Amino acid sequence: MPSEPRIPTEPLLEELSAYLDHELDASAQARVAEHVAGCQSCQARLDGLRQTANAVRALPMETPRRTFTIPAQRRQAWRWAPVGWVGSAAVALLVIAFGIQNLHLLAGSGSTATAGSSANYSARNPQRATGVRAASPLASPAASALDQQFNAQAGTAPVNASTVADPTNGSRRLVLDTDSASYSTNGKMRVTIQLEGSPSSSANSADQGLTLTLVHNGVGVALNPVGVISGNGTPIFGGWYELPSLPLSGPRAGDYRLTATWVVPDGSGRVLQAAVAVQLTGS
Amino acid sequence: MDDRDLVGLARGGDQEAFTQLIVQYQVPLYNMALRMVGGPDDAADIAQEAFLRAWEKIRTLRDAPFKSWLFQIAANLCYDHFRRGRRYGVMPEEDQTGNVVGLGIATPDPQERAEANERNRLVRQSIEALEHDMRIAIVLRDVNGMAYDEIASVLRVPLGTVKSRIARARAQVQERLRQHPDLFPSPSTREDAHAE
């Protein structure tokens with residue numbers, strides 16, 4: 001009677017691929033694992049599949065340039081419209097669903113600010129000090145000052161908002177909003193970013209994998225968001241930014257895009273991005 | 001409030017509840033369409049049409065998960081798009097990263113950024129080259145992060161078919177990426193280099 005082979009049968013391509021995704025039943029998963037452990041050839045096949053899957057997963061999740069909506073009446077003709085004004089209905093809902101709720105929680109919960117100064121931020125992130133111009137919110141906001149900023153805004157609904165949900169985690173959302181869609185070039189812009197469902201409790205943007213950019217004609221300025229942890233545990237970043245102090249190039253007035261990019265700090269490589277249009281007016 | 005609650009309200013005509021569903025799914029749905037048809041305008045058209053049809057048909061949705069049902073509608077629209085022959089298989093060379101400039105911040109070195117952009121371009125091209133059934137399988141899995149049974153539900157095919165399509169798609173993408181060893185070195189090559 002022939003003895004059992006010591007190494008299980010070489011897995012098929014689809015078994016290796018499903019093994020990578022943990023989509024085999026327990027016995028098949030164990031069989032493939034045992035084979036791969038003793039077979040360099042299949043280890044290389046598996047590594048190749050993993051590399052390919054990771055390359056596809058590394059494609060950035062892009063933000064649609066338009067807002068999706070439904071017509072007021074069924075079957076009514078509908079058409080596209082710029083995010084700025086048709087988006088207002090969705091924005092209002094966003095505010096109701098995500099913004100006000102968290103801001104009210106924040107206002108009433110005695111939040112703790114743990115972010116360092118912008119100088120410390122730059123020291124921790126030397127790569128961000130080169131190649132991209134960076135701007136900090138109003139000078140060195142202390143914890144109490146930041147608290148006051150967020151407390152003050154709690155009663156003011158954001159009017160320019162965008163929310164992106166993590167397709168792999170229903171409780172994780174990136175919420176970006178500003179207090180206006182249009183500012184004077186001499187004005188101040190208030191930005192709030194909520195990292196709902198973050199696996200990290202850090203109020204440091206680098207730890208969270210969070211970047212914020214203001215882009216005009218393909219030229220970006222990195223804004224340094226400072227953070228607090230809200231009463232419900234949601235890291236919230238942002239601040240007031242003095243627009244005259246931003247190192248913007250060319251005519252400062254024009255249409256900008258403010259984009260928050262969150263590389264979720266769980267090792268998955270998942271990237272969430274939210275963007276809002278911002279207009280600067282004046283000279 | 002979860003999907004089931006929102007769907008329940010939307011079935012009763014609550015547009016605000018449906019708008020919350022749009023907010024929740026607009027980015028993943030748009031990205032699925034984008035990776036399927038290539039052009040951002042076509043992808044946005046498909047996403048909008050999918051939401052509109054979902055709104056119009058939401059009263060017919062019973063126990064099925066809203067997400068699978070919505071993606072099923074969008075997948076059908078992608079196939080309609082291919083059947084109509086609009087920009088079939090064309091991946092415009094226009095800047096598809098226009099909305100993701102912020103990512104450059106993570107790799108500010110110009111050479112690293114250029115390489116990352118080139119890697120992404122090659123991956124997009126490799127996906128584009130796949131036959132539609134394989135393309136949608138790998139997109140739902142590796143772009144949208146869906147489980148196999150969820151993909152089977154969206155595509156209305158057996159689980160074994162999902163496994164097979166994802167595996168074949170990955171193998172074909174891998175074969176194309178291997179033609180650029182400078183950007184996609186084989187794992188064994190990288191290990192050798194590391195050992196040295």
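This briefing covers the fold of chains A and B, one helix in chain A and one helix pair in chain B. The model is predicted. Chain A has 7 helices and 12 strands. Chain B has 9 helices and 0 strands.

**Chain A overall**
- Chain A holds 283 residues, and 43% of them are buried.
- Take the contacts in chain A between residues at least 6 apart in sequence: 68% of these join residues at least 24 apart.

**Helix 2 of chain A**
- Helix 2 of chain A covers residues 26–37, which is 12 residues.
- The expected span is 16 Å, because each residue should add 1.5 Å and the span counts one less than the number of residues.
- The end C-alpha atoms of helix 2 are 16 Å apart, so the model agrees with the expected span.
- Which residues of helix 2 in chain A are buried? They are V32(A), H35(A) and V36(A).
- These buried residues cover an arc of only 95° around the axis, so they sit on the same side of helix 2 of chain A.
- The other side of helix 2 carries exposed residues: A26(A), S27(A), A30(A) and A37(A).
- What covers the buried residues of helix 2 in chain A? The cover includes helix 1 (13–20) and helix 3 (40–57) of chain A.

**Chain B overall**
- Read from the N terminus, the elements of chain B run α-α-α-α-α-α-α-α-α.
- Chain B holds 196 residues, and buried residues make up 43% of them.
- Among contacts in chain B between residues at least 6 apart in sequence, 65% join residues at least 24 apart.

**Helices 3 and 4 of chain B**
- Helix 3 of chain B spans residues 40–57, and helix 4 of chain B spans residues 66–84.
- At what angle do helix 3 and helix 4 of chain B pack? The angle is about 130°, and the axes are 9 Å apart.
- That angle makes helix 3 of chain B oblique to helix 4 of chain B, because roughly antiparallel would need an angle over 145 degrees and roughly perpendicular runs from 65 to 115.
- The crossing of these two helices in chain B is right-handed.
- Helix 3 of chain B brings D42(B), I46(B), A47(B), E49(B), A50(B), R53(B) and A54(B) to the meeting with helix 4.
- Helix 4 of chain B meets them with L70(B), I73(B), A74(B), L77(B), C78(B) and H81(B).

Conventions:
Residues are numbered from 1 along each chain as its sequence is written. Chains are lettered from A and ligands numbered from 1 in the order in which they are written. This is a predicted model: local features need pLDDT of at least 70, side-chain atom pairs count only at pLDDT 80 or more; totals for chains, interfaces and linings use all residues. Helices (H or I, at least four residues) and strands (E, at least two) are DSSP runs, numbered from the N terminus. A residue is buried if 20 or more other C-beta atoms lie within 10 Å of its own, exposed if 12 or fewer, and partly exposed in between; C-beta atoms are placed from the backbone. Two residues are in contact if their C-beta atoms, placed from the backbone, lie within 7 Å. The arc is that of the directions from the helix axis to the C-beta atoms. Axes are lines fitted to C-alpha atoms, for helices over the stretch in contact, and angles run from 0 to 180 degrees between N-to-C directions. Angles under 35 degrees count as roughly parallel, over 145 as roughly antiparallel, 65 to 115 as roughly perpendicular and the rest as oblique. A crossing is left-handed if the near helix is turned anticlockwise from the far one by less than a right angle, and right-handed if clockwise.
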